[in-house]
Amino acid sequence: MMEKPNISDAEWEVMKICWLKSAPCTANEIVKALEQTTDWKPNTIKTLIGRLVKKGALGFIEEGRVYIYNPLVTEEECIKAESKSFLARVFGGALKPMLVTFLQEEKLSQDDIEELKRLLEERKE
């Protein structure tokens, strides 16, 4: 299996637009979407797109003078890779200390607690 690309926070924003569209999109579509939520200039966004192509996260086809981009990795694959990287980097790969830290620091609703209990029960089986 191909190793997932290491994606920066800014590159995540570009990828989220591509994943959200669920269809290939042009650089101009990505630029328009990000101009609504960021103060980035079009050249900055195009630079991020180029980096993602080099990293193998985005692929493209050229139709005349227009480049059409599509994700080569799924959001789920990237989330899993980021989670493992975070766990290894911050908690030395140990899951329990991470869970304890989050549970102590975050407010949980009763629904959250019930969902966590359900997930843990499923893991026991």
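Which exposed residues does the face of H2 turned away from its buried side carry? I opened the notebook with that one, and the reply is Lys-32 and Gln-36. A reminder to myself before going on: this is a predicted model.

**Entry 1: helix H2**

I then turned to the buried side of H2, which spans residues 27–37. There I listed Ala-27, Ile-30, Val-31 and Leu-34 as buried. Around the axis they cover an arc of only 100°, so they sit on the same side of H2. I also looked up what covers these buried residues, and the list includes H1, strand S1 (25–26), helix H3 (42–55) and strand S3 (66–71).

**Entry 2: helix H4**

My next stop was H4, residues 75–91, and I began with its length. With 17 residues at 1.5 Å a residue, H4 should span 24 Å. I found its end C-alpha atoms 23 Å apart, which agrees with that expectation.

Which residues of H4 are buried? I noted Cys-78, Leu-87 and Phe-91. Looking down the axis of H4, I saw that its buried residues fall within an arc of 165°, so they line one face of the helix. They pack against H1 and H5. On the other side of H4, I found Lys-84 and Arg-89 exposed. After H4 comes Gly-92, and I wrote down its phi as positive, near 60°.

**Entry 3: three residues of H1**

H1 kept turning up, so I picked three of its residues, starting with Asp-9, which lies in this helix. Is Asp-9 buried or exposed? Its relative accessible area is 67%, and because the cut-off for exposed is over 50%, Asp-9 counts as exposed. I also checked Asp-9 against Lys-124: the two are 115 residues apart in sequence, and their C-alpha atoms are 35 Å apart in space.

Glu-11 is also placed in H1, which runs over residues 9–21. I have Glu-11 down as buried, with a relative accessible area of 2%. What does Glu-11 touch, not counting residues up to four places away in sequence? My list reads Asn-6, Leu-48, Arg-51, Leu-52 and Lys-55.

Trp-12 was my third pick, and its place is in helix H1 as well. At 15% relative accessibility I count Trp-12 as buried, because buried means under 20%. Leaving aside neighbours within four places in sequence, I found Trp-12 in contact with Ile-7, Trp-19, Cys-78, Ile-79 and Glu-82. One of these partners, Cys-78, is among the buried residues of H4 that I had noted earlier. I then compared Trp-12 with Leu-87: they are 75 residues apart in sequence and 19 Å apart in space, C-alpha to C-alpha.

**Entry 4: the largest pocket**

I finished with open space. For the largest pocket I wrote down a volume of about 490 Å³. How many residues line the largest pocket? I have 14, of which Leu-95, Leu-99, Leu-116, Leu-119 and Leu-120 lie nearest its centre. The elements giving two or more residues to this lining are helix H5 (95–105) and helix H6 (110–124). H6 gives the most, with 7 residues. By kind, I sorted the lining residues of the largest pocket into 10 nonpolar, no polar and 4 charged.

Technical notes
Residues numbered from 1 in each chain as written. Predicted model: local features only at pLDDT ≥ 70, side-chain atom pairs only at ≥ 80, totals over all residues. Heavy atoms only, no water. 1 Å grid on protein atoms, 1.4 Å probe; cavity = no way out; pocket = protein on both sides within 12 Å on 5 of 7 lines; lining within 4 Å. Points joined across faces, edges and corners; volume = space filled by probe spheres on them. Helix = DSSP H or I, 4+ residues; strand = E, 2+ residues; numbered from the N terminus. Nonpolar A, V, L, I, M, F, W, Y, C, P; charged D, E, K, R; others polar. Buried < 20%, exposed > 50% of the residue type's maximum accessible area, 1.4 Å probe, protein only. Contact = heavy atoms within 4.5 Å. Expected span 1.5 Å × (residues − 1). Arc of directions from axis to C-beta.
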